[in-house]
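Q: Please show me the model, and then take me through the terms that are used to describe it.

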Amino acid sequence: METDEKDKTDSLYEPNGSLLNKETSSPTLKSSPSVATKDTSVSWLAIQTLYCKELDLEKYLKEKGLTPFVPMRYQDIETKEGKHKRILVPAIHNLLFVEKTVSDKQFLTLLSDCFLPLIIYKNKETRKFYEIPGSQMVEIRAICDPSYKGTLFVPNSIAEARIGSEVRVIRGNFKGLTGKLTRYKKRSYVVIQVATMGVLIHIPKWYCEKV
């Protein structure tokens, strides 16, 4: 089932606590059967920050009693001793999600003393927070599992530009996932878009059916 394409209105908090607004557009989200068994009754919000402060904002939200989620990936680095080490780093800078367990007013109150700039995605028509269904977030968190090696993270504009057909995954760990099947470097990927993030998951094309 496909939702209507939404615009987003951004509520931007500057470090001094002032509130600014601007309008941009948001990609279409699709609802599909859950690929995991987590609670789907609570919706989520997408938040954009600036200057690569997503981990600092994650810490701030946790201190406020909220549940944030930052997509992560493994990166190989070389230590000062010349040894190679794998560490977790944000998959996409300046983007995170937070579980919406309080009202809009309460949420803004919790952020009133935030010292970090942040953008809260809103629906342009209703002017309310743009909420991501819990079932959609289950899928997002599943495909963002850093232990899965067949995932590429790209800006949403690149994901949107990929040519492909709409499909549903019918077998494997991501059964029930819907997205756009495309080819990249002779491999098949299912493209998922949410907020400013695009995710390409390597899934064999014979695991998919057209929708």
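A: A good place to begin is the hairpin of β5 and β6, which has five residues between its strands and in which glycine 82 takes a positive phi near 85°. This is a predicted model, in which local features need pLDDT of at least 70 and side-chain atom pairs count only at pLDDT 80 or more, while totals for chains, interfaces and linings use all residues. Residues are numbered from 1 along each chain as its sequence is written, and side-chain values use heavy atoms, with hydrogens and water left out.

Q: What makes β5 and β6 a pair of strands?
A: Strands, like helices, are DSSP runs numbered from the N terminus (E, at least two residues, for a strand; H or I, at least four, for a helix). Two strands pair if DSSP finds at least two bridges between them. Strand β5 (residues 72–78) and strand β6 (residues 84–90) are joined antiparallel by seven bridges, and they therefore count as paired. Within this pairing, aspartate 76 has arginine 86 of β6 as its bridge partner.

Q: How many helices and strands does the chain have?
A: The chain holds four helices and 15 strands.

Q: How do you know which strands pair with β11?
A: Four bridges connect β11 (residues 165–169) with β12 (residues 178–184), the two running antiparallel, and three bridges connect β11 with β15 (residues 208–210), again in the antiparallel sense. Both counts meet the requirement for pairing, so β12 and β15 are each partners of β11. On the β12 side, glutamate 166 is bridged to lysine 180, whereas on the β15 side arginine 168 stands opposite glutamate 209.

Q: What makes the contact between the side chains of arginine 168 and glutamate 209 a salt bridge?
A: A salt bridge is a side-chain nitrogen of Lys or Arg within 4 Å of a carboxyl oxygen of Asp or Glu. For arginine 168 and glutamate 209 the N to O distance is 3.5 Å, which is within that limit, so the pair qualifies. The two residues are 41 apart in sequence, with arginine 168 in strand β11 and glutamate 209 in strand β15.

Q: Are arginine 168 and glutamate 209 buried, partly exposed or exposed?
A: Buried means under 20% relative accessible area, exposed means over 50%, and partly exposed lies in between (1.4 Å probe, protein chains only). Arginine 168, at 29%, and glutamate 209, at 36%, fall in the middle range, so both are called partly exposed.

Q: Which salt bridge does lysine 100 form with aspartate 104, and at what distance?
A: The side chains of lysine 100 and aspartate 104 meet at 3.1 Å, N to O, in a salt bridge. Lysine 100 has a relative accessible area of 17% and is therefore classed as buried, whereas aspartate 104, at 26%, is partly exposed. Salt bridges with shared partners link Lys100, Asp104 and Glu131 in one network, and a search of the whole structure finds seven salt bridges.

Q: Why is isoleucine 140 called buried or exposed?
A: Isoleucine 140, which is found in helix α3, has a relative accessible area of 0%, and it is called buried because this value is under the 20% cut-off. A contact means heavy atoms within 4.5 Å, and, when residues up to four places away in sequence are not counted, isoleucine 140 touches Phe69, Ile132, Val194 and Met197.

Q: What makes a set of residues a nonpolar core?
A: A nonpolar core is a set of buried Ala, Val, Leu, Ile, Met, Phe, Trp, Tyr and Cys residues joined through side-chain atoms within 4.5 Å. The largest one here has 29 residues, of which Phe97 and Met197 touch the most other members. At least two residues of this core come from each of β3 (44–49), β7 (95–99), α3 (134–143), β11, β13 (187–194) and β14 (197–202). Apart from it lies another core of 17 residues, including Leu57, Leu66, Phe107 and Leu111. In soluble globular proteins, nonpolar side chains tend to be buried together.

Q: What share of the chain is buried?
A: Of the 211 residues in the chain, 45% are buried.
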